[in-house]
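Here is a short, friendly tour of one protein model, arranged by topic. Keep the structure open beside you and look up each residue as you read.

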Amino acid sequence: MTAQITIRRPDDWHVHLRDGAMLKAVAGHTARQFARAIVMPNLTPPVTTVAAAEAYRQRILDALSEGSDFTPLMTCYLTDGADPAEIERGFEQGVFAACKLYPAHATTNSAHGVTDIRKMTQVLETMQRIGMPLLVHGEVTSRDVDIFDREAVFIDRILTPLVKDMPELKIVLEHITTAEAAEFVAASGPKIAATITPQHLIINRNAMFDGGIRPHAYCLPVAKREQHRLAVRKAAVSGSPKFFLGTDSAPHEIHRKESACGCAGIFNAPFALESYAQVFEDEGVLDRLEGFASEHGPNFYGLPLNEGTVTLKREEVTVPETMGEADIRLVPYHAGETLRWRFVD
Ligand code: DOR
Ligand code: ZN
């Protein structure tokens, strides 16, 4: 049995680091495991300008301990009024790594999101021209579409026509949860990729209703039926360069999760690699973890691979019931469970 694995330093291609006290409580967990991360812009107010992204990047760096060499990769939150010139300037200056498309009201802090993709034509044409990736929260928001179908319907109604209209636009379909998404991405050209979270590899929708309502298993897009989990899992471990690691770690304080209207999001940053490693091991392809975690993402974004390595040892690690700093209390993904791999450095 493999006693330890060493891989090239990985990156997280989708994370929520938040701001203020929450940022201080969570940033170190991501920086400990990952060299770089694509940082989501859904703050209040959202990050829509180059100046706001630069200021946020500095707050992230300030929240980390001395000596950290973590690189936050910043994103621009698209609104109906997004300015193509500002986006192009941010990308050319190396501030914006990508733009994030939230359909309005799809998820946390998405009220300023895009109400109609047709309003984005100029922005998307600019991005296509300059080679800037579009990161998509792929769910329709109409109340008449069942929540479990919203990703598949988004692919039919929005993504398929978009890819046809803008064949050179780089698109990452974020946090995929369905067989339809895995198939769509696999069947598309090299400009289309997807990120996959640990939870969507491990839980199906039953986890939200296991003996009672389980708010800590709730995120968006919601976990789907078992057949979808299996399809997403197959894609992740396939070795295809179109699928890569994006935790979507999305911390919310305990009282905001355990509530009559609990927030969507799973805080998986503290044990992210351990969680993915277990999946790849269970599938008998630990040798493919490095591609998924450390190579496919940078290759898609056109960024250099990281130097250096990280090591996971086969040692049991028990995930605490709660974590946090100061008065921020968080329930981590896998709380109370024992995992088989320990991240050592
Ligand atoms: O579960 C989620 N939480 N999904 C998202 O798309 C947003 C995120 C958040 O910001 O909390
Ligand atoms: Zn997210």
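In this predicted model, Thr-338 of strand 11 is the bridge partner of Thr-318. Thr-318 itself belongs to strand 10, so a good place to begin is the pair of strands that these residues link.

**The sheet around Thr-318**

- Strand 10 covers residues 309-318, and 5 bridges join it to strand 11 in an antiparallel arrangement.
- Together with strand 1, these strands make an open sheet of 3 strands, ordered 1-10-11, with antiparallel pairing.
- Why do strand 1 (4-8) and strand 11 (338-343) each have one side without a neighbour in the sheet? They stand at its edges, and each has a single partner strand.
- From one strand to the next, the twist averages 35°.
- Helix 11 (residues 289-301) packs on this sheet, where it touches strand 1 and strand 10. The direction of helix 11 makes about 25° with that of strand 1.
- Thr-318 counts as exposed, because its relative accessibility is 53% and the cut-off for exposed is over 50%.
- Leaving out residues up to four places away in sequence, Thr-318 touches Gly-336, Glu-337 and Thr-338.
- Thr-318 and Arg-342 are 24 residues apart in sequence, and their C-alpha atoms are 9.5 Å apart in space.

**Helix 2 and its two sides**

- Helix 2 has 14 residues (residues 50-63), which should span 20 Å at 1.5 Å a residue. The C-alpha atoms at its ends are 20 Å apart, in agreement with that value.
- Which residues of helix 2 are buried? They are Val-50, Ala-53, Tyr-56, Ile-60 and Ala-63.
- These buried residues lie on the same side of helix 2, because they cover an arc of only 145° around the axis.
- A general rule helps here: an α-helix has 3.6 residues a turn, so residues three or four places apart point the same way.
- Ala-51 and Asp-62, on the other side of helix 2, are exposed.
- The partners that the buried residues pack against are helix 1 (20-33), strand 3 (36-39), strand 4 (71-77), helix 3 (84-92) and strand 5 (96-101).

**Cysteines**

- How many disulfides are there? The count comes to 0.
- For Cys-99, the nearest cysteine sulfur is that of Cys-76, 4.4 Å away. A disulfide needs the two sulfur atoms within 2.5 Å, so this pair does not qualify.
- Cys-99 is buried, with a relative accessible area of 0%.
- Cys-263 is in no disulfide either, as the nearest cysteine sulfur, that of Cys-261, is 7.4 Å away. At 21% relative accessibility, Cys-263 counts as partly exposed.

**Loops worth a look**

- Thr-79 sits in the loop between strand 4 and helix 3, and it is buried with a relative accessible area of 18%. Apart from neighbours within four places in sequence, its contacts are Thr-48, His-112, Val-114 and Met-120.
- Pro-45 is in the loop between strand 3 and helix 2, and the peptide bond from Thr-44 to Pro-45 is cis, with omega near -5°.
- Another cis peptide bond joins Leu-220 and Pro-221, with omega about -5°.
- Asp-248 is not a glycine, yet its phi is positive, near 55°. Asp-248 is buried, with a relative accessible area of 6%.
- Ala-326 also has a positive phi, about 50°, and lies in the loop between strand 10 and strand 11. At 78% relative accessibility, Ala-326 counts as exposed.

Methods:
Residues numbered from 1 in each chain as written. Chains lettered and ligands numbered in written order. Predicted model: local features only at pLDDT ≥ 70, side-chain atom pairs only at ≥ 80, totals over all residues. Heavy atoms only, no water. Pairing = 2+ DSSP bridges. Helix = DSSP H or I, 4+ residues; strand = E, 2+ residues; numbered from the N terminus. Axes fitted to C-alpha atoms, helices over the stretch in contact; angles between N-to-C directions. Contact = heavy atoms within 4.5 Å. Expected span 1.5 Å × (residues − 1). Buried < 20%, exposed > 50% of the residue type's maximum accessible area, 1.4 Å probe, protein only. Arc of directions from axis to C-beta.
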